[in-house]
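Please work through the exercises below with the sequence and the 3D structure at hand. Each task is followed by a solution that goes step by step.

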Amino acid sequence: MIMKKSNLIQHIRRTSFALYAILTVIMAIATLLENSYGTEFAHQHIYEAWWFYTLWGMALMATLPCIPAHVRCVWRFIRRKRYAATVFFLLTIPTMNASEVRVVEKAQADSMRAVQVRYNNRICPLNTVARDFTLKLTGKTTFQGLTPEQVLLSWAEYPEDWKDVAMIKVKKSEAKELLGIATKNARFSDFFDKQGNYRLMPNQFPDIEDRLILVGMLTKGMLFAPLPQGVQPLSQEKVQAELLYNVVPWDTILFASCFTLAFILFLLRMKKKENVKGIRLSVLSVKCILSLFLLTALGIRWYISDHLPLTSTYETLLIVALTALFFSCFTHKNDLPALIVAASTLLVAHIGALDPQVTSLMPVLQSPWLSSHVTTIMISYCLFALLLFRPNRAMLIWAELLLATGIILGAIWAKTAWGAYWSWDPKETWALISLIVYMYPLHPATLPWFRSERHQKIYLRLAFLTILMTYFGCNYLLTGMHSYAN
């Protein structure tokens with residue numbers, strides 16, 4: 001009798017897993033259809049269809065017999081890891097809140113460095129505007145020995161001279177062919193014919209158009225503006241903090257240091273010398289210094305922006321790197337994978353098509369749920385990344401719990417921001433898909449395929465594609481309400 005009951009529960013569990021797999025595929029397809037045919041089409045034909053609700057109802061009903069066993073298992077795990085549960089609780093508490101062209105002289109440009117202006121809906125020193133402008137156009141913060149302030153002010157003062165300076169970065173060879181240039185930089189005048197018509201197809205090269213628009217905004221006096229009368233200027237401390245933040249290449253230093261330390265640690269382990277007490281203490285010291293360095297960068301960014309640095313792809317990548325660095329400080333077995341995750345994340349933040357500008361906070365993000373939701377989600381992503389290197393059941397459980405908690409906190413935030421707990425937004429949907437996909441390896445008793453360590457490794461590496469889709473794909477390939485984080 002007991003055996004028959006056990007077999008029945010196993011069949012019910014396998015049925016529920018099959019239903020969740022079907023729902024996962026349907027939701028993934030729905031996000032793609034929503035991007036192509038619109039939100040209304042996806043809701044009408046999938047999310048609000050009777051058969052979709054029926055599938056979810058069947059999956060949840062099949063899950064009910066499994067809940068008591070799961071609750072007992074989680075409770076035993078938490079009792080063994082009380083200290084970890086305490087940390088988890090603290091993390092999820094919401095936090096209240098040139099050449100022959102004319103150039104402006106260096107002395108004159110330097111004197112304007114700390115002048116406060118209005119830019120990107122915030123007040124900042126002119127150095128920030130100049131740095132963003134030069135970086136966007138050239139890919140570097142200086143140009144042919146000129147400071148960013150010299151570049152910005154010279155463009156504003158002498159646009160007729162500077163439109164013939166080859167300084168606008170062109171990456172794609174197709175664009176170079178159309179423009180008839182062989183170098184990596186083009187002149188502003190290269191993009192227009194004698195009648196002033198744009199030589200490339202509209203929207204063909206959005207990155208180039210962004211740079212040209214930036215130049216146009218500057219020459220028309222629309223890029224930044226003097227501080228309006230009656231507006232409270234920034235304190236000198238805040239201005240100096242922003243100037244310091246701008247001058248230090250934080251992510252460059254960090255990703256280079258993390259890769260170097262990971263490589264050294266790898267060599268030491270190959271030679272079986274990393275267990276020497278002196279070496280271990282030195283490695284730990286370096287990891288702690290790198291963690292503090294990144295924490296300082298985030299702290300300064302928080303101070304100058306007046307909001308938690310959790311509102312853009314660039315900032316959340318830094319949070320992932322910080323989580324991985326902290327993790328490496330408190331573990332010995334997984335510190336090498338953690339360093340690789342931190343270094344890779346910082347490298348993506350540095351060289352990717354990301355915007356590191358400090359901007360004002362949008363109204364929807366001005367919520368006490370911001371820190372708890374984003375931090376919880378990003379820590380779970382970091383743990384999923386670490387699972388790429390070494391399958392670990394305890395780490396997978398914590399990653400799943402954190403992701404589930406992050407989704408719940410996000411739903412509460414969505415209710416206060418948009419009036420609904422769940423809207424089937426692409427990012428919400430893919431977060432749910434990730435949660436379901438990572439559920440399967442936790443049930444080797446029901447799904448014997450996962451009893452093999454080799455099978456688990458293969459699956460966890462493929463499963464991470466759902467995290468990449470949730471984090472990057474929904475930002476850059478799909479559109480939705482979460483696009484403000486771009």
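**Exercise 1. Is Asp207 buried, partly exposed or exposed, and with which residue does Asp207 form a salt bridge?**

Solution. In this predicted model, Asp207 has a relative accessibility of 25%. Because partly exposed covers the range between under 20%, which is buried, and over 50%, which is exposed, Asp207 counts as partly exposed. The next step is to find the partner, which is Arg211, and the closest N and O atoms of this salt bridge are 3.6 Å apart. Arg211 counts as buried, at 5% relative accessibility. As to their place in the chain, Asp207 and Arg211 both belong to helix H11 (residues 206-219), where four residues, about one turn of the helix, separate them. Elsewhere, Arg269, Lys287 and Asp335 are joined into one network by salt bridges that share partners.

**Exercise 2. Which residue forms a salt bridge with Glu160, and how exposed are the two partners?**

Solution. The partner of Glu160 is Lys163, with 3.0 Å between the closest N and O atoms. Glu160 has a relative accessible area of 53%, and since exposed means over 50%, Glu160 is exposed. Lys163, at a relative accessible area of 29%, is partly exposed.

**Exercise 3. How many salt bridges does the structure hold, and which parts of the chain does the pair of Arg122 and Glu242 link?**

Solution. The structure holds 11 salt bridges. In one of them, the side chains of Arg122 and Glu242 meet at 3.0 Å, N to O. This pair links distant parts of the chain, for Arg122 lies in strand E2 and Glu242 in helix H12 (residues 236-247), 120 residues apart. Both Arg122 and Glu242 are buried.

**Exercise 4. In what order do the strands of the open three-stranded sheet stand, and which of them are at the edges?**

Solution. Begin with strand E1 (residues 116-119) and strand E2 (residues 122-125), which run antiparallel and are joined by four bridges. Within this pairing, Val117 has Cys124 as its bridge partner in E2, while Arg118 stands opposite Ile123. E1 and E2 form a hairpin with two residues between them, and Asn120 in the turn has a positive phi of about 55 degrees.

The next step is to look for another partner of E1, and this is strand E5 (residues 225-226), paired with E1 in the antiparallel sense over two bridges. Here Val117 stands opposite Pro226. Taken together, the pairings give an open sheet of three strands in the order E2-E1-E5, with antiparallel pairing. E2 and E5 stand at the edges, and because each has a single partner strand, one side of each is left without a neighbour in the sheet.

**Exercise 5. What is the surroundings of Ala186, and is Ala186 buried or exposed?**

Solution. Ala186 is located in strand E4 (residues 185-186). At 0% relative accessibility, Ala186 counts as buried. Apart from neighbours within four places in sequence, the residues in contact with Ala186 are Val165, Ala166, Met167, Ile168, Val170, Leu179, Ile181 and Phe191. As a further distance to check on the structure, the C-alpha atoms of Ala186 and Asp164 are separated by 8.7 Å, although these residues are 22 residues apart along the chain.

**Exercise 6. Which residues form a nonpolar patch on the surface together with Phe263?**

Solution. Phe263 lies in helix H13 (residues 250-270) and is exposed, with a relative accessible area of 51%. The patch consists of Phe263, Phe266, Leu267 and Met270, which together have about 420 Å² of accessible area. For the protein chain as a whole, about 25,500 Å² is exposed, and carbon and sulfur atoms supply 64% of it.

**Exercise 7. Where in the protein chain is confidence lowest, and where is it highest?**

Solution. The chain as a whole averages a pLDDT of 82, and 85% of the residues score at least 70. Among its elements, which include 20 helices and five strands, helix H5 (residues 82-91) has the lowest confidence, at a mean of 46, whereas helix H8 (residues 148-157) has the highest, at 94. Over residues 82-98 pLDDT stays under 50, and for these residues the model has 30 contacts beyond four places in sequence.

Terms used
Residues numbered from 1 in each chain as written. Predicted model: local features only at pLDDT ≥ 70, side-chain atom pairs only at ≥ 80, totals over all residues. Heavy atoms only, no water. Patch = residues over 30% accessible without salt bridge, like charges linked within 9 Å, V, L, I, M, F, W, Y side chains within 5 Å. Areas by Shrake-Rupley, 256 points an atom, 1.4 Å probe, with all protein chains shown as cover. Salt bridge = Lys/Arg side-chain N within 4 Å of Asp/Glu carboxyl O. Buried < 20%, exposed > 50% of the residue type's maximum accessible area, 1.4 Å probe, protein only. pLDDT = per-residue confidence, 0-100. Contact = heavy atoms within 4.5 Å. Pairing = 2+ DSSP bridges.
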